[in-house]
Amino acid sequence: MTRWGMVIDTDRCTGCEACVVACSAENNVPTVGEDDAAMGRAMHWLRIERVVEGEFPDTRVRFVPVLCQHCGAAPCEPVCPVYATYHNDEGLNAMVYSRCVGTRFCANNCPYTVRTFNWRKPAWPEPLDRQLNPDVSVRPAGVMEKCTFCVQRIHDARHEADADERELRDGDVSPACAQSCPTQAIAFGDLADPESRVSRLARSRRAFQLLDDLGTAPGVVYRRGGLDLEETVMGELPLPGAADD
Amino acid sequence: MHVVQEELECTRCHRGAAEQKRAGLPPMFVCVACHRHAIPDHPEVAKLLEAYDAKQPILWRKVNVMPESAMVQFHHGAHARAEVACTECHGDVPTMTVAAPVRQVADMSWCVDCHREREASVDCIACHY
Amino acid sequence: MPLHRRDLFKASGAALGVALLEGCARPEPVYIEQPLERSTVPPGASLWRTTMCGQCEAGCGIKVRTVDGNAKKIEGNREHPTSRGGVCALGHSALQGLYDPDRVTMPLRRTSPRAAGAASGAGAFAPASWEEALRAVGGAIAAARDASPARIAAVTGDDGVAGAIWSRLLLALGAPALVLDEPFDRLVERSAAHRVFGVAVAPSYDLERADMVLGFGAAFLDRWRSPVAYARALAEMRARGGRFVHAEPRLSLTAAAADLWLPVRSGTEGVLARALAGVVLAAGRASEEGAARYQQLFPVTPPDLETAARTCDVALARLETTARALLAAERPVAVAGGAAALSRDGLASVAAGQALNLLFGVVGRPGGVTVEGGVDWLAALAPGAAEPEPLAALRRRLEAREVDVLLVADADPLHRAPAGWRLDELVRGVPLVVAITSALDDTALEADWVLPAQVDLERFVVTGAHPAVATAGGGPVLSVGRAAVDPLGEARHPAEVALALAAGQEQLSTPVSWQGIQEAVVEALGGDTRFVASPRESRRAIDGGARAGFLVAAAPAPSAGDSSMGGEAFREPGGTGDDDASQPAASLRLVPFESIKAGDGRGANRPWLQELPDPLAPVMWASWVELSPRDAATIGVQTGDWVRLRVAGSSADAATLEMGCIVSLSARPGTVAAPLGHGHHDYGRYARGRGANLMGLVHDEQVEGCDAPALLDVRVFVERLARPPRKLAVYGRGLGDSEHLPRGWGAHESAPPARSADTRPAAAAPAGTEGTEGGSR
Amino acid sequence: MTEMAAGTAPAHHDPEASLLEVARPRPLLLVGSAVTGLLVVLLFVLWGYQAKEGLGVAGINRPVFWGIYIVNFVFWIGISHAGTLISAILRVVHAEWRRPLTRCAEAVTVFALMVGGLFPLIHMGRPWLFYWLLPYPNYRGLVPNFRSPLVWDVAAITAYLIGSSLYLLLPMIPDLAMLRDRSSDRGGVRYRLYRLLALGWRGTPLQWAALERGIGILAVAVIPVAVSVHTIVSWDFAMTMTPGWNSTIFGPYFVVGAIYSGIAVLLLAMAILRRGLHLEHVLTDKTFDNLGRLCLAMTLIWGYFTFAEHLTTWYAGDAASDSVHHALMSGRFGNLFWLMIFLNVIVPFALLVTRRGRRPLGAAIAAIGIVIGMWLERLLIVVPSLSKPRLPGLDGSYWPSPVELGIMLGSAGLFVFLYFVFVQVFPIVSIWEVREGREHKAVAAGQRATELARAGGGTV
């Protein structure tokens, strides 16, 4: 059984935010304009958290991309009154837009604050709407949304695999953020497969998880600064991820 | 009509239907290729040829429409691959002169039924995303 | 068909729910258009088009997903040797540049007279046809030719094929050289490289195979040359245990990624480079030839670390740490440019940085510096044409009232030039101004004719003469690609406009006639033996290249520039940029930078980028200033306040700008850092009036010995705005306030000592010796 | 004749007669109803506007996803505890002084519930889909998520609304019968209404017995329901892992707060009715004094809970909760917090501790303070926790938008409007209970007199 997961290397992340824009482009994430943005209604599914250490001139900043952690024990799931968000058997924290009634309870109970809400009807003035991704539904006003691990890409990859009658291979699926990362700080794959790239990266002693003390069992593993053999090897080998798209 | 009298396969013209996510329409070129010779003077066919020569694309009314509010991503090819017969959703098109919706494609219970029978996924995000 | 409706009426729960709201709103009948001819892709299917990103000089390899002829998504081309599948934020946003609702899609003729206060916007124009436009412009050119061809001027930001074609046109008309509107620091880099390496090419760096990188002002992870390629290379270098020390007044993304950040006083990077050179020479680490060459360029004995520490205002401990790491390194490489280039002392500073590589002996070596241009389009397509001139040349010609016809293509000089140059007023004095652009930028607002230009996704694209990353560890790389989508409206390739204009002129001295850009490329490449053995193979090579997205030279790059060509010595960089004593008290040093949001300004019309919170100063939909907590306290502002910047100096009519304020640990005390590329007059609904254009504060400070403005030599007074114009959109909070770390993330406690020991300063700087600059001391 | 049949004392020199004159037009009430009626219109216009435009017209944002809609929801549900918890408990313990105020209280319950129950709908992103929270059978096998406190809310509030409505209507039957029998025109709407609701009451001993039993059962049954309702409301917060919300004492804390604010509103309503309807002879100072004492007790209990809640958070001092706690005590919400303490503890205590303070005026002032204070308490539970997420990157702030404030005002209008209408249609004081009380007294007094006489006779 698959357990989709992600490994993010905070040591490779330079905070260039290419992933943020890639995500918005892939998933039809609307922009809300200055006034709503000033109210904290920007809808990015993926944000770059800064961690600042030390005072000038010893300032050290590290960037931590934070997206839906697709928790194994997700706090957002039990509180939804209509099962609009639930855990599917591939470890995805699913969000069913058409079922959502907009109580926003899930968002309150998300310790990572990664869920965003459609406060208004999203607008893409002609011809901006030509860019909209036909494989992702445009969400109406009043529903929650969040990172889906680019579920549409998972489905597409599976359709392709079915078409040429084979199993999904490691690296077949690459979410928009991972795909565009210049330093390949983001890896995506099946954490249940011990041989997958994410599994190997997640085994590092540099690995940690956000707020893991809350017992949310996140599906996203982070790696903090430092060196180990794994890292060096990863550096030289052409990455398996390079096979996708 | 095509199928009954001429024993034509649906996919002979609707090529996208077999693999693509969206079945799409065959280009007018395909219709014309035959109908130049086959019953070119039939009034409807005449309209077609006329439009084609005038390089006027025809607008077809979609009969099976998935309402946007359902936020469903339907993959036609996947269903074809699962050997869902065309008629199961599109009805007995072969005998129709005007395509009519015979199934409420927008009725989720109908989708779910079929998925259950065929042990296809009933995971919500199999379709809703 | 009523049956149809009734069916849909019994819709699913979701549909029912919506039906409840929309009363008995019946679903609109949906129609689909039947395509006429059989196409390669069925309707609704994705087609991935391999091409090159034209958003900046880097030329990353991309694949554009198109559905039914619409561009949906840009992704990196994993096969591309330099970008290796990476794309930056600006690159992704090209889609919104393509589909900008306010894009110029047809020729526009000015109806209202040109006047000051250029914010007249689209209202000042009326649509016209290409025929009218070409007739009018062609006529004006012809007239000018008869009078004196010297009165025709053309400006472009494209130093590649298009630039060469414009040069060819100017040559044929007998007009002066093309004006190249390129990043100012690039000019400085080239001039320095010309004397240091003997080649007038901005060097490119092979960070991946180095084991230590020294940065001098070049923020190559932000928006300098090729952020994508350099970020990847740096990550790989770091992965192998390489070290990275970066000197820059502001904590840019690049500085943030460094093992050690040296927050030097603006314009003193050169002093630092010189001092480090002294260390290397003293340690006898330099090769004979390298040392000789270096001393030829910098005859004076280098300053010692103490002096450097004092001049740069950085703790000595940090410089010693740097020096130690440098001596421990086997293949160090020095990257100079960016902020270092744009102070009065820029030329010498950058040269000092570049010259370090002579001492390291890494010129033309793996893990070193390459000074090799891309295809020399100018020589190939416009033989005999003069080298393009910098923007300052245009200013001089305008001031001398020597221009009757001004053609501007793919450039926005009025946005990018210092306000002190008064280009807008000067341009208003030109009888005919033509802007070939995809959006109503500041230059277009002053134009008589605005001609719709294709954006890069609609063009046949190929890297310019000065590729950011010339080589992929071997032969040089040429990115090339075909149009991903059909042009919107009547947009045309600017170079094709040049060809059309040429076609309209009688007896040109030399013919300017290609069947489109691709033909020109084929011809030019035919002459470059690095890529094609013989001209005959050129077309096939281009076709293959366009399919793959790039061409790699068969022949490897020559090892180094022409060393024999002796560059004359540089004046000793002394950090003259900041002579504190003479500075008015309480004024702050302006530190302009290119942000990942707007770049040089082209990104401003894209909602994705406008709403992208800058990773260090998370402001959206506006530009901002970064102030150190200390200065913020002195001025009495905090994150979210608005401030007014006033140029320090006696002049009563000193320029002022108003911006939001972010109190940030990223700002060096005594400086006020702010992003460039904001404050367009129009440029579409998403950019109009957003933020302020920093160039408004620059008078005409010059980089010594170079035709570039010294942007970092501006001092400003900062005061709090009592009545802020509107709420500043800040994502979360600014960098200023103390952010507690959630347990077990981010911190370095688990990092092996290998990382911190030899690159973190041995001792913390004694208080007071650091972080003071200028009058605020 | 009919009055005899209705089992009531002869009408001559009847002290409760005035109470029966509900139909008498009172200009003040009519004006009040008109004004509040307009507010009701405002409420629904604004709600419609919001449903059309989306919740963007409200001030809520990310991370403060819940705003004063939820605050008002909790607030009104709290108010609704006035009736049952007061009248039911007092009935069960046979507190005589309850008699004049029971109905007044039960009305508060029902209307507060109606208003409170409206807010979750107003709060929803797609309110027209509210029915998805109900477990209605459907072919697709879609059911509500019974693990979600929101679904528990739906169940609890529905049950409470039904229970308390019955509890309001049942004891009203004899009075309705009286009104029915007194009303002059038999064709009138009022007559029809009274006759319908009186359920053919004739006052037979059997009916009296049944009524008493019914009231007795309801009184006992409704208490646990009431308690459960606000416990479940508190679980909307306590069940989450949000710092400042996940608290074991939230259940009782909310119930106490609910009763507290309920009593306050009751005191206020009584004070107003007493003035407006000249009920001085029924709602006596004694009634206020007793209710005031009860209120004082609640003041102390609420204060104790508040203290306990915040002390433990502060003492444990884990990073996440601490930032919330700090924001409450001295940070952005400090002023509001201490204002709440002032209004909820200092003012009521100072007033209600003295006998004079428990007179109608003092009680009313204290009540106003408590009502505002308790609203602030809900606000300070909902907003601060949300504005301090665990990860440092997002830091929230919140200010209600005009639409939100307008809807809040409208909801208050709706409550008062319903109350005014009620007062004009039904007797706001339970006539038969008051009379019963007086008769009990009279009987008791008579017995004492005869005993005295007998004793005296003995001496003569």
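# A tour of the predicted model, starting where C meets A

Begin with chains C and A: 90 residues of chain C are in contact with 79 residues of chain A. Keep in mind as you click around that this is a predicted model. Putting these two chains together buries about 7300 Å², and carbon and sulfur atoms account for 56% of that.

Now colour the chain C side of this interface by residue class. You should get 48 nonpolar, 14 polar and 28 charged residues on the side that touches chain A. What do the charges do across the boundary? Between chain C and chain A there are six salt bridges. For an example, select A:Arg153 and C:Glu75, whose side chains meet in a salt bridge at 2.1 Å, N to O. Side chains of opposite charge can pair when their charged atoms come close. Polar contacts between chain C and chain A come to 18 residue pairs, with both residues at pLDDT 80 or more.

Which pieces of chain C supply this surface? Strand E3 (61–67), strand E4 (70–76), helix H3 (89–92), helix H4 (94–98), helix H8 (227–239), helix H9 (253–257) and helix H23 (607–610) of chain C each bring at least two residues to the side that touches chain A. Highlight H8(C) in particular: with seven residues, H8(C) gives the most to that side.

## Inside chain C: two sheets and a salt bridge

Hide the other chains and pick out the open four-stranded sheet of chain C, with the order E12-E11-E10-E13 and parallel pairing. Its edges are strand E12 (260–262) and strand E13 (332–336) of chain C; each has a single partner strand, so one side of each has no neighbour in the sheet. Neighbouring strands here are turned by 15° against each other on average, direction ignored.

Zoom in on strand E10 (residues 212–216) of chain C, which runs parallel to E13(C) and is joined to it by five bridges. Click C:Leu214 and look across to E13(C), where its bridge partner is C:Ala334. Then add helix H13 (residues 316–328) of chain C, which packs on the sheet and touches E10, strand E11 (243–247), E12 and E13 of chain C. The direction of H13 makes about 125° with that of E12(C).

Move on to the other sheet. Three strands of chain C form an open sheet in the order E18-E19-E20, with antiparallel pairing. Strand E18 (461–462) and strand E20 (550–552) of chain C are at the edges with a single partner strand each, so one side of each is left without a neighbour in the sheet. E18(C) is joined to strand E19 (residues 477–481) of chain C by two bridges, and the two run antiparallel. Select C:Val462 and you'll find C:Val480 of E19(C) opposite. Helix H22 (residues 538–548) of chain C lies across E19 and E20 of chain C, at about 120° to E20(C).

Before leaving the chain, show the side chains of C:Asp404 and C:Arg151, which meet in a salt bridge (2.8 Å, N to O). This pair links distant parts of the chain, 253 residues apart. C:Asp404 sits in the loop between helix H16 (391–399) and strand E15 (405–409) of chain C, while C:Arg151 is in the loop between helix H5 (130–147) and strand E7 (152–156) of chain C. Over all chains, the count of salt bridges is 75.

## Over to chain D

Bring chains D and A back. Their contact takes 41 residues from chain D and 47 residues from chain A. About 3700 Å² is buried between them, with 58% coming from carbon and sulfur atoms. Select D:Arg62, D:Phe65 and D:Leu391: in chain D these lose the most area to chain A, together 21% of what that side buries.

How many salt bridges are there between chain D and chain A? The count is zero. Polar contacts, though, link 26 residue pairs across this interface, both residues at pLDDT 80 or more. Helix H7 (residues 149–169) of chain D gives the most to the side that touches chain A, with three residues. By class, that side of chain D divides into 24 nonpolar, 11 polar and six charged residues.

## Backbone oddities to finish

Go back to D:Arg62: a cis peptide bond joins it to D:Pro63, with omega about 10°. D:Pro63 is in the loop between helix H3 (27–53) and helix H4 (68–79) of chain D.

In chain A, try A:Glu126 and A:Pro127, also joined by a cis peptide bond, with omega about 0°. Look for A:Pro127 in the loop between strand E6 (116–117) and strand E7 (144–145) of chain A.

The last stop is A:Arg104, not a glycine, yet with a positive phi of about 65°. A:Arg104 lies in the loop between strand E5 (93–95) and helix H4 (105–108) of chain A. Most residues other than glycine have a negative phi, and most peptide bonds are trans.

Methods:
Residues are numbered from 1 along each chain as its sequence is written. Chains are lettered from A and ligands numbered from 1 in the order in which they are written. This is a predicted model: local features need pLDDT of at least 70, side-chain atom pairs count only at pLDDT 80 or more; totals for chains, interfaces and linings use all residues. Side-chain values use heavy atoms; hydrogens and water are left out. Contact means heavy atoms within 4.5 Å. Buried area is the accessible area (1.4 Å probe) that two parts lose on being put together, summed over both. A salt bridge is a side-chain nitrogen of Lys or Arg within 4 Å of a carboxyl oxygen of Asp or Glu. A polar contact is a pair of N or O atoms within 3.5 Å; within protein, one must be able to donate a hydrogen and the other to accept it, and residues adjacent in sequence count only if both atoms are side-chain atoms. Ala, Val, Leu, Ile, Met, Phe, Trp, Tyr, Cys and Pro count as nonpolar, Asp, Glu, Lys and Arg as charged, and the others, Gly among them, as polar. Two strands pair if DSSP finds at least two bridges between them. Axes are lines fitted to C-alpha atoms, for helices over the stretch in contact, and angles run from 0 to 180 degrees between N-to-C directions.
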